[in-house]
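Reader: Hi! Could you walk me through this protein, please?

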Amino acid sequence: MSTIPTFKCVLLDIEGTTTPISFVHDQLFPYVTNNLENFLNKNWNSTELQQKIQLLREQAIKDVNDNNLPDSVLIPESKEINEIKHFIIKNIKWQMEIDRKIGSLKSFQGFMWESGFESGELKGEIFDDVLEAFKRWKGIIQIFIYSSGSINAQKLIFKNSDKGDLSSYIDGYFDTTIGSKLEKSSYINIAKEIKVEPNEILFLSDNVKEIVAARSAGYQTAIMERKGNSPLSDDDRKNNIILSDFLQIFSHATF
Ligand SMILES: CSCCC(=O)C(=O)COP(=O)(O)O
Ligand SMILES: [Mg+2]
């Protein structure tokens, strides 16, 4: 068994990989849905909030025009303020019910989470083995994050984590502004950006479709099978390296 890594850097998904899915669904998402109305009322005059709302508005227009969604998802601009807020809340709750991984929603959520992390109400949950691997990789293997969550939200989770401030371990962050996690081109773009050959990058994720996209771009990959992740098929098991713990990477024959 080799203990010498054949990769120069790791690219890590968050939800289901560094962080339990339950943290995202039981803490992060309810923080948004429970505080939405208050948050809009309190921050209505903030330019940043209005920019985030504009992104939601533009996405909703695209949804109606390109995706044939009903006009009821639209967010009007020129109505009474409480009516506009009503449509924003409706739009966000609808998108969150289907766990949409789309930039405008993720950017809005990240903006809201800022207050939660600042007040200490939210603390990023990171698996124990992730911190141990970060310590072993420091100065040897570069660590990058690629999540559907906004870069702002990613930084908040690692800076305000239950393991302390982990920012110093992380060399860079990518979100879907570089492209969808399901597209081969996104992984090629990331490799170009970090100036590392695709076959020298190890991508870890719980999502098999993301793994397939990264593999088609020439990455080394492994599927994370954490408690609470979606079940894997027999084919997934046959065709992939499956890990339940980052520390298994250090003793895995093919890495
Ligand atoms: C900064 S992660 C917040 C969680 C989130 O909103 C999300 O969509 C995570 O998706 P991932 O790509 O990390 O599985
Ligand atoms: Mg994930």
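**Two domains and one serine**

Author: Happy to! Twelve residues of domain 1 are in contact (heavy atoms within 4.5 Å) with twelve residues of domain 2. This is a predicted model, where local features need pLDDT of at least 70 and side-chain atom pairs count only at pLDDT 80 or more, while totals for chains, interfaces and linings use all residues. Residues are numbered from 1 along each chain as its sequence is written, and side-chain values use heavy atoms, with hydrogens and water left out.

Reader: Cool, which residues belong to domain 1 and domain 2?

Author: Domain 1 covers 9-19 + 124-251 and domain 2 covers 25-119, with bounds from an automatic or database domain assignment.

Reader: And how many salt bridges cross the interface?

Author: The rule finds one salt bridge between domain 1 and domain 2 (a side-chain nitrogen of Lys or Arg within 4 Å of a carboxyl oxygen of Asp or Glu).

Reader: Which side chains form a salt bridge at 3.0 Å, N to O?

Author: Those of Glu 15 and Lys 101.

Reader: New topic: is Ser 205 buried or exposed?

Author: Ser 205 is buried (under 20% relative accessible area, 1.4 Å probe, protein chains only), because its relative accessible area is 0%.

Reader: Where is Ser 205 found?

Author: Ser 205 sits in strand 4, residues 201-205 (strands are DSSP runs of E, at least two residues, numbered from the N terminus).

Reader: What does the side chain of Ser 205 reach?

Author: The backbone nitrogen of Asn 207, at 3.0 Å. Leaving out residues up to four places away in sequence, Ser 205 also touches several others, including Asp 13, Thr 17 and Met 224.

Notes
Chains are lettered from A and ligands numbered from 1 in the order in which they are written. Helices (H or I, at least four residues) and strands (E, at least two) are DSSP runs, numbered from the N terminus. Buried means under 20% relative accessible area, exposed over 50%, partly exposed in between (1.4 Å probe, protein chains only). A polar contact is a pair of N or O atoms within 3.5 Å; within protein, one must be able to donate a hydrogen and the other to accept it, and residues adjacent in sequence count only if both atoms are side-chain atoms.
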